[in-house]
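Colleague: Could you pull up the model so that we can go through it together? I have a few short questions.

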Amino acid sequence: QEDLIIVLKNPKEVTDAKALIENSSLIWEELIIDNNTLKAAVIKVPIDKKYFWIERLKTSNAFSSVEIKTTASIATIKNIAENTFVKVSKTHCSGDCPVYDVILFKDGKVIFNGIENVITKGTQEFSISEKKMKKIKEMFEKTSFGTYLDSYVDKSIMDFPSTFITHNDKQIEIKLWKNVPEELAFAFEAFEDILLEQKMIE
């Protein structure tokens, strides 16, 4: 058996993630990182099928990363979490909505992972200018992120995409933008403008 480390895309869905692993006849060992906005678990997979499972779990859309467990891979996951300024994930919908994960680090570095209906698929890294970083920081500081609701979702509209925004140890899920506080909508627009400028999405 080989140990893999998986990072949950939605840290609120541990039960679903565990069920997905166990229903695939794999072994869920333990959560090794268990924070509000970061959940990482160790799972066991058959050693001769480890690469098959890494690819399979990556495409399941439940995990933001799947890799072989090493001291370095755990340190990298913790380091990313500690240095992230804001993280955004966009999920599937019934149409051709863009699906991607993107992390903006405190130093202005960006890691974009384009999944579907984006101009740039796969992982891309780039940096934004200090001026742009300052603007985005200011816009997020104008929000009352910590006091907002955890979700702006209307259960009656299931086929809308979800936008998950993670900032300052809190994650917010948005499906219905009309109910979202204006400052948060503006901050997200400024963030999305970076991706449009870099031709990651259209």
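Colleague: Is Asn-168 buried or exposed?

Modeller: Bearing in mind that this is a predicted model, Asn-168 comes out at 65% relative accessibility and therefore counts as exposed.

Colleague: And where is Asn-168 found?

Modeller: Asn-168 sits in the loop that links strand 10, residues 163-167, with strand 11, residues 170-174. Its phi is positive, at about 50 degrees, although Asn-168 is not a glycine. For background, most residues other than glycine have a negative phi.

Colleague: What about Lys-199, what is its phi?

Modeller: Lys-199, also not a glycine, has a positive phi of about 55 degrees. Lys-199 belongs to the segment that follows helix 5, which spans 182-197, and with a relative accessibility of 56% it counts as exposed.

Colleague: Changing topic: how many disulfides does the structure hold?

Modeller: There is one disulfide in the structure, formed by Cys-93 and Cys-97, with their sulfur atoms 1.8 Å apart. Cys-93 and Cys-97 are both buried.

Colleague: Why is that disulfide of Cys-93 and Cys-97 right-handed?

Modeller: Because the torsion about the S-S bond between Cys-93 and Cys-97 is about 100 degrees, the disulfide is right-handed.

Colleague: Now the sheet. In what order do the seven strands come?

Modeller: The seven strands follow the order 8-7-6-5-10-11-9, making an open sheet whose pairing is mixed. Strand 8, residues 122-127, and strand 9, residues 151-152, are at the edges, and each has a single partner strand, so one side of each is left without a neighbour in the sheet.

Colleague: How many bridges join strand 5 to strand 10?

Modeller: Strand 5, residues 84-90, and strand 10 run antiparallel and are joined by four bridges. As one detail of that region, Lys-90 has Thr-163 in strand 10 as its bridge partner.

Colleague: Which strands does helix 4 lie across?

Modeller: Helix 4, residues 130-142, lies across strand 5, strand 6 (99-105) and strand 10, and its direction makes an angle of about 80 degrees with strand 5.

Colleague: And helix 5, which strands does that one lie across?

Modeller: Helix 5 lies across strand 5, strand 6, strand 7 (109-116), strand 8, strand 10 and strand 11, and it runs at about 100 degrees to strand 6. To link this with your earlier question, Lys-199 is in the segment after this helix.

Definitions and conventions
Residues are numbered from 1 along each chain as its sequence is written. This is a predicted model: local features need pLDDT of at least 70, side-chain atom pairs count only at pLDDT 80 or more; totals for chains, interfaces and linings use all residues. Side-chain values use heavy atoms; hydrogens and water are left out. A disulfide is a pair of cysteine sulfur atoms within 2.5 Å. Buried means under 20% relative accessible area, exposed over 50%, partly exposed in between (1.4 Å probe, protein chains only). Helices (H or I, at least four residues) and strands (E, at least two) are DSSP runs, numbered from the N terminus. Two strands pair if DSSP finds at least two bridges between them. Contact means heavy atoms within 4.5 Å. Axes are lines fitted to C-alpha atoms, for helices over the stretch in contact, and angles run from 0 to 180 degrees between N-to-C directions.
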